[in-house]
Amino acid sequence: MPVRNGARYIAAAIESILAQTFTDFELVIADDDSSDGTAEICRAYAAKDARVRFHENGRKLGLAENHNRVVELARGRFFHWTGADDAHDPRFLECCLAALEETPDAILAYTAIRVIDEEGRELGIRENRILGSDDAAPARRLAGALLDCPWCSAMYGLFRLDALRRTSLMLPFHGSDRTLLVEAALAGRFVHVPEPLFLNREHAERYTANAERWHTALQSASRPKARSLPLWRGVASWLGAVARLVPVPRDRLLCMAPIVHWLVRWPNPLLLAWDVLAWLSPGLVARFWSWKRRRRLVGVLGRHRRSVS
């Protein structure tokens, strides 16, 4: 559980983990220099339940690096990221673990999602299924992660830790959750649990509710203003993952097809051009987001940037 200033919801998030029917786990919390009482809440839980390990980074790492920090600290065979504002059905770990045990060559078990609001009221169900992710062919799994995955919520499933550590984990640019799923799909099969056992909380303070805040939070704390060409970096990372994780030359060649498909599918060419413009003139992009907020417009760039990230 990576967290920064999550005091409002973190107690409920921790309680939902401690209430799991599968009990042989540790909850690793990495606090990224919070200033709102998060640390005090976590220390209290660590004091009364030995399964809770609380780690303070001592300095701000940034959202991506803090996600990777909990992977470094993990000691088990399986691993699950969770947000400090999300929650779980009590059977989440039990069902995901059973799915992985039934499918020994799968590296990730992920569930359907129940969307909740600030008070925990249900807003809807997302099937959250990535077609092709359970296929034996790496190219078909890659196509699912790139072309048939409107949300990247599968990253909040249960991974085999050794397989997760073969990926690049979270990278410090917008859309690196997509890159993580691409690398995981190339590394092995996913298995889908159809029950909505992960509870994703929608609220105004979450990072993904504000594009600029999300971009800034992902950046490494040592490079807070880096102009990173995130979509281009994403494409480069997909190509690198194919070269690194797909050993058979024929399979590598087949993996080029979904990447090319993504590059030419509208509006991705426009978004790639937008990335270059943002790199060349960040001030212009900042003025665009300001104008968009003032007029409360949701244009094609905003809609599709969320869908590809």
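A salt bridge is a side-chain nitrogen of Lys or Arg within 4 Å of a carboxyl oxygen of Asp or Glu. In this predicted model, the side chains of Asp49 and Arg51 fit that description, with N and O 3.0 Å apart. Asp49 has a relative accessibility of 17% and counts as buried, because buried means under 20%.

The whole structure holds 13 salt bridges. Another of them joins Glu26 to Arg75, and here the closest N and O atoms are 2.7 Å apart. Glu26 sits in the loop between helix H1 (10-18) and strand S2 (27-31), while Arg75 sits in the loop between helix H3 (63-73) and strand S4 (78-80), so this salt bridge ties together parts that are 49 residues apart in sequence. How accessible are the two partners? Glu26 is partly exposed, with a relative accessible area of 28%. Arg75, at 60%, counts as exposed.

A further salt bridge is formed by the side chains of Asp105 and Arg189, at 3.0 Å from N to O. Distant parts of the chain are linked by this pair: Asp105 belongs to the loop between helix H4 (92-102) and S6, Arg189 belongs to strand S9 (residues 189-201), and 84 residues separate them. Asp105 is partly exposed, its relative accessible area being 43%. Arg189 also counts as partly exposed, at 23% relative accessibility. Some salt bridges share partners, and in this way Glu26, Arg53 and Arg75 are joined into one network.

The next topic is empty space inside the model. Rolling a probe the size of a water molecule over the atoms shows where such space is left. Counting cavities of 30 Å³ or more gives 2. The second largest cavity contains about 40 Å³ of space. Which residues line the second largest cavity? The lining is made by Phe92, Tyr110, Thr111, Ile113, Asn128, Ser153, Ala154, Tyr156, Gly157 and Phe198. Strand S6 (residues 106-116) contributes the most to this lining, with 3 residues. Sorted by class, the lining has 6 nonpolar and 4 polar residues, and no charged ones.

The surface has a feature of its own. Trp232, Val276, Trp279 and Leu280 make a nonpolar surface patch of about 400 Å². Which helix gives the most to the nonpolar patch? Helix H11 (residues 268-280) does, with 3 residues. Trp232 belongs to helix H9 (residues 230-245). With a relative accessible area of 40%, Trp232 is partly exposed. A residue needs over 30% relative accessible area to be part of a patch, so Trp232 passes that cut-off.

Another residue to find on the model is Leu253, in helix H10 (residues 249-264). Is Leu253 buried or exposed? Its relative accessibility is 63%, and Leu253 therefore counts as exposed, the cut-off for that being over 50%. Leu253 can also be located by its distance from Ala139: the two C-alpha atoms are separated by 8.7 Å, although the residues are 114 residues apart along the chain.

Key
Residues are numbered from 1 along each chain as its sequence is written. This is a predicted model: local features need pLDDT of at least 70, side-chain atom pairs count only at pLDDT 80 or more; totals for chains, interfaces and linings use all residues. Side-chain values use heavy atoms; hydrogens and water are left out. Patches are made of residues with over 30% relative accessible area and no salt bridge: like charges are joined within 9 Å, nonpolar side chains (Val, Leu, Ile, Met, Phe, Trp, Tyr) within 5 Å. Accessible areas come from the Shrake-Rupley method with a 1.4 Å probe; for residues, only the protein chains shown count as cover. Helices (H or I, at least four residues) and strands (E, at least two) are DSSP runs, numbered from the N terminus. Buried means under 20% relative accessible area, exposed over 50%, partly exposed in between (1.4 Å probe, protein chains only). On a 1 Å grid over the protein atoms alone, a cavity is a set of points where a 1.4 Å probe fits but cannot get out, and a pocket is an open set with protein on both sides within 12 Å along at least five of seven lines; lining residues have an atom within 4 Å of a point. Grid points are joined across faces, edges and corners, and a volume is the space filled by probe spheres set on the points. Ala, Val, Leu, Ile, Met, Phe, Trp, Tyr, Cys and Pro count as nonpolar, Asp, Glu, Lys and Arg as charged, and the others, Gly among them, as polar.
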